[in-house]
Amino acid sequence: MRVVLLSDHPGDMLRQAIVRDNKEQQRAMAQFESALERHKADVREAEAARDQARSRRRWLAWLRGALSVRRARRQAPEPPDLVTAPTDEQSKLAAGVAGERQVADELGRALGDKWVLMRGYRNKFGEIDHLLLGPAGLVAIEVKNINGTVHCQGDKWRVHKYDRYGNLVEQYDLVDQGKRQRSPSTQLHEPADLLEDFLHSRGEDVDVLRVVLLSHPRSRVGTCRGATVHIFTSTSEVIELLTKVPQPLSAAKLTKIGELIAGDHLFYARRRR
């Protein structure tokens, strides 16, 4: 299987988070060093006043100066807590990146040279993690690294997380971080619908299959009524889906579709710039 990297949005987000956190730490360290210099200056000033009182044998002033020095030394600024381990945000982003790479690796081992995996396709409605193009058709795959059981009612998704004893410890709506807070199915449908319309407008009568792939080892699919996408927990289920396509696409058609997808991605990338 050939892999075409159109963009690497998750990897870019991880790199930006690392740079941002490093800058915050550098800023905190600079503020500490500045405060420390001011503290040292205050201590030196108090020590000079104390020593001057002693040289003049002004013992009461010397005693007050000694107490002032002790007080100044106790007011030393606290150094910032420098984080050496990844932050929670970095860990989540890294897990997402690892999940996408794992999916790509597993598909690569299972599929032959006639298949192409296009990573990071994006149009004005959002990004699709993977577009899998081959003789059995075109599959849009949204990868979610969810540690929990996913339930859905149509396009409304919810996660239940259990501890090792089976007790429910957390539950939340599964939505993206955008203002509209789209569920994974809506997040996948919007760019996939636009891509499908674009291909049809260019004379390629191909439907885009939609798959949300839960990549976390503890991901489970719970009760899903009226699901609008395929919800899988392994790439083997994606491979099985490909076997059910009745009429394969020709090599010429695959080449044309691949070129159209790459060109469409580039068009929207230029508009964003």
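## Cysteines 152 and 224

Cys224 is partly exposed, with a relative accessible area of 26%. Its bridge partner in the strand pairing is Cys152, with Cys224 belonging to β9. Cys152 has a relative accessibility of 5% and therefore counts as buried. The structure, which is a predicted model, holds 0 disulfides. Cys152 and Cys224 are thus bridge partners, but no disulfide is present in the structure.

## Confidence of the model

The average pLDDT of the protein is 87. A score of at least 70 is reached by 91% of the residues. Among the elements, helix α4 (residues 184-201) has the highest mean pLDDT, at 97. The lowest mean, 78, belongs to helix α3 (residues 88-110).

## Strand β5 and its two partners

Strand β5 covers residues 149-153. Of its 5 residues, 4 are buried, and the strand is mostly covered. β5 pairs with strand β6 (residues 156-162) in the antiparallel sense, over 5 bridges. In this pairing, Thr149 stands opposite His160 of β6. The hairpin of β5 and β6 has 2 residues between the strands, and Gly154 takes a positive phi near 65 degrees there.

β5 also pairs with strand β9 (residues 220-225), here in the parallel sense and over 4 bridges. The bridge between Cys152 and Cys224 in β9 puts a residue that counts as buried at 5% relative accessibility opposite one that is partly exposed at 26%.

## Strand β4, covered on both faces

Strand β4 runs over residues 137-144. The strand is largely enclosed by the rest of the structure, because 8 of its 8 residues are buried. Both faces are covered. One side carries Gly137, Val139, Ile141 and Val143, and the other carries Leu138, Ala140, Glu142 and Lys144.

β4 is joined to strand β3 (residues 126-134) by 5 bridges, and the two run antiparallel. Leu132 stands opposite Val139 in β4. β3 and β4 form a hairpin with 2 residues between them. With strand β8 (residues 208-214), β4 pairs in the parallel sense over 7 bridges. In β8, Leu213 stands opposite Val143.

## Salt bridges

Side chains of opposite charge can pair when their charged atoms come close. The count for this structure comes to 11 salt bridges. One of them joins Lys144 and Glu142, whose closest N and O atoms are 3.4 Å apart. Both residues sit on the same side of β4. Lys144 counts as buried because its relative accessibility, 16%, is under the 20% limit. Glu142 is also buried, at 3% relative accessibility.

Arg158 and Asp173 meet through their side chains in another salt bridge, at 2.7 Å from N to O. This pair links distant parts of the chain: Arg158 is in strand β6 and Asp173 is in strand β7 (residues 168-173), 15 residues apart. Arg158 counts as partly exposed at 30% relative accessibility, and Asp173 counts as partly exposed at 41%. A network of salt bridges with shared partners joins Asp176, Arg180, Arg182 and Glu190. Asp51 and Arg50 form a further salt bridge, with their closest N and O atoms 3.0 Å apart. Asp51 counts as partly exposed, at 41% relative accessibility.

## Helix α2

Helix α2 spans residues 59-74 and contains Leu63. Leu63 is partly exposed, with a relative accessible area of 44%. Together with Leu60 and Leu67, Leu63 makes a nonpolar surface patch of about 290 Å². A residue must have over 30% relative accessible area to be part of such a patch, so Leu63 passes that cut-off at 44%.

Ala61 lies in helix α2 as well. Ala61 counts as buried, at 19% relative accessibility, whereas Leu63 is partly exposed. The C-alpha atom of Ala61 is separated by 8.7 Å from that of Ala49, which is 12 residues away along the chain.

How values were computed. Residues are numbered from 1 along each chain as its sequence is written. This is a predicted model: local features need pLDDT of at least 70, side-chain atom pairs count only at pLDDT 80 or more; totals for chains, interfaces and linings use all residues. Side-chain values use heavy atoms; hydrogens and water are left out. Patches are made of residues with over 30% relative accessible area and no salt bridge: like charges are joined within 9 Å, nonpolar side chains (Val, Leu, Ile, Met, Phe, Trp, Tyr) within 5 Å. Accessible areas come from the Shrake-Rupley method with a 1.4 Å probe; for residues, only the protein chains shown count as cover. A salt bridge is a side-chain nitrogen of Lys or Arg within 4 Å of a carboxyl oxygen of Asp or Glu. Buried means under 20% relative accessible area, exposed over 50%, partly exposed in between (1.4 Å probe, protein chains only). A disulfide is a pair of cysteine sulfur atoms within 2.5 Å. pLDDT is the predictor's confidence in each residue, from 0 to 100. Two strands pair if DSSP finds at least two bridges between them.
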